[in-house]
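Trainee: Could you pick a single part of this model and take me through it slowly? I'd like the cut-offs spelled out as we go.

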Amino acid sequence: MSGKAESRTAGERTTSRARLDRGRGALGPALELVHTGRAPTRAVLTAELGVTRATAGAVAAELEALGLIRVDARPGSAAGSQGRPSHRLEVAEDGPVALAAQVHADGFRAALVGLGGRIVATAPGCETVDADPAKVLGSVVEAGAELLRDTGRRCVGAGLAVPSAVAEPDGLALNPLHLAWPVGAPVRRIFAECVRAAGIGGPAFTGNDVNLAALAEHRHGAGRGARDLLCVATGHRGVGGALVLDGRLHTGSSGLALEVGHLTVNPEGRPCHCGSRGCLDVEADPLALLVEAGREPGPEVSLLQQAGDLLRTQYDDPAVRTAAEALIDRLGLGLAGLVNILNPDRIILGGLHRTLLNADPGRLRAVVADRSLWGQSGGVPILPCTLDHNSLVGAAELAWQPVLDDPLGALTEPSPTR
């Protein structure tokens, strides 16, 4: 190679490195844009980041070199668009994963989740939950570790979703009402210890299951694009809520915000575990529907599945319809109160509440509009959650967050488990 050619090549490398250095601060924002589907092409990435096309290209190339995204070598453009087609950007299908774990009243499940909220693999769910949280978390982590061994994927960290408020900063499960766990169980510490014992690298996080469902739906599902998003859901037992404000999960001063399950919606109703009476937690969950419809819960499948099947297959039965309408009215009353306080721009419903909404969307929306000031002035969209296993996906989002914040640092430097 001639001296001029060598000089030119070295100069090109220097220029490329300078562009990357300028764009290094954009690596995290760029990855988040691709992760959430908001930058499907390099042209959109350039515009969203507010950088030059060359810098955006260098940033995309670095993310591809890290094994996080794929830059399509065959550029494409939307129909009817003008100008040179832009390279397509996608998350790398064979890239790293996060270990996601969820514990609920009817069992637990582990999964591997890649960027984009894509579930790569799941382990069969267990149907019993031991009273010792260390045994349960050890089992679910081992199931996740087996998935990692089977797939050979690199793991960036681990996240756990639990059906309890998780108090910060210590990660204590303050109210695992539907588990036999002790109040105040140090679930984050136990989970982190199990993760380390299994030889899984990266940080470990723990959060409330509905909070994590809301986070996942906001990034990848029915809540995408909402600024102030309210999520209310009933899973296997009880009712939970979560709020995303300006794109960030709102957990309050110590992680305990949005305990909506303890809103009173029926003053003469059932006694609640919290000591009150007629809370959403006991008036609008799967067990409440089965009891209201005169059905005896069976041991064969989860309460959530029994209640959902009842609505889907026997809604024409007068007793089932009456029970469903009672739950819809109670749920609507609770949602109206939340709308008056929070003024969200969107509400999403998960678990059995999603099935109730689908069964009679007009009734629920009418109750909320009639009982809420903001509902009467224009209405708040009420939509069903769209992601399968959204709490698992949300648990993975916790583990992915350090990578989204600093891709280069998170993937090249060891990070302590916490």
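Mentor: Sure, here's a helix pair up close, with a hairpin and a leucine afterwards for context.

Keep in mind that this is a predicted model, so local features need pLDDT of at least 70 and side-chain atom pairs count only at pLDDT 80 or more, while totals for chains, interfaces and linings use all residues. Residues are numbered from 1 along each chain as its sequence is written, and side-chain values use heavy atoms, with hydrogens and water left out.

Helix α2 (residues 27–35) packs against helix α3 (residues 42–49) at about 130°, their axes 10 Å apart. (Helices are DSSP runs of H or I, at least four residues, and strands are E runs of at least two; axes are lines fitted to C-alpha atoms over the stretch in contact, with angles from 0 to 180 degrees between N-to-C directions.) That makes α2 and α3 oblique to each other (under 35 degrees is roughly parallel, over 145 roughly antiparallel, 65 to 115 roughly perpendicular, the rest oblique). The α2–α3 crossing is right-handed (the near helix is turned clockwise from the far one by less than a right angle). Pro29, Ala30 and Leu33 of α2 meet Leu45, Glu48 and Leu49 of α3, contact being heavy atoms within 4.5 Å.

Elsewhere, β4 (residues 107–113) and β5 (residues 119–122) pair antiparallel over 3 bridges (pairing takes at least two DSSP bridges). Val113 sits opposite Ile119 in β5, and Gly116 in the hairpin's turn has a positive phi of about 80°.

Finally, Leu303 lies in helix α10 (residues 303–314), and among its contacts are Asp106, His236 and Leu290.

Conventions. Lists of a residue's contacts leave out its neighbours within four places in sequence.
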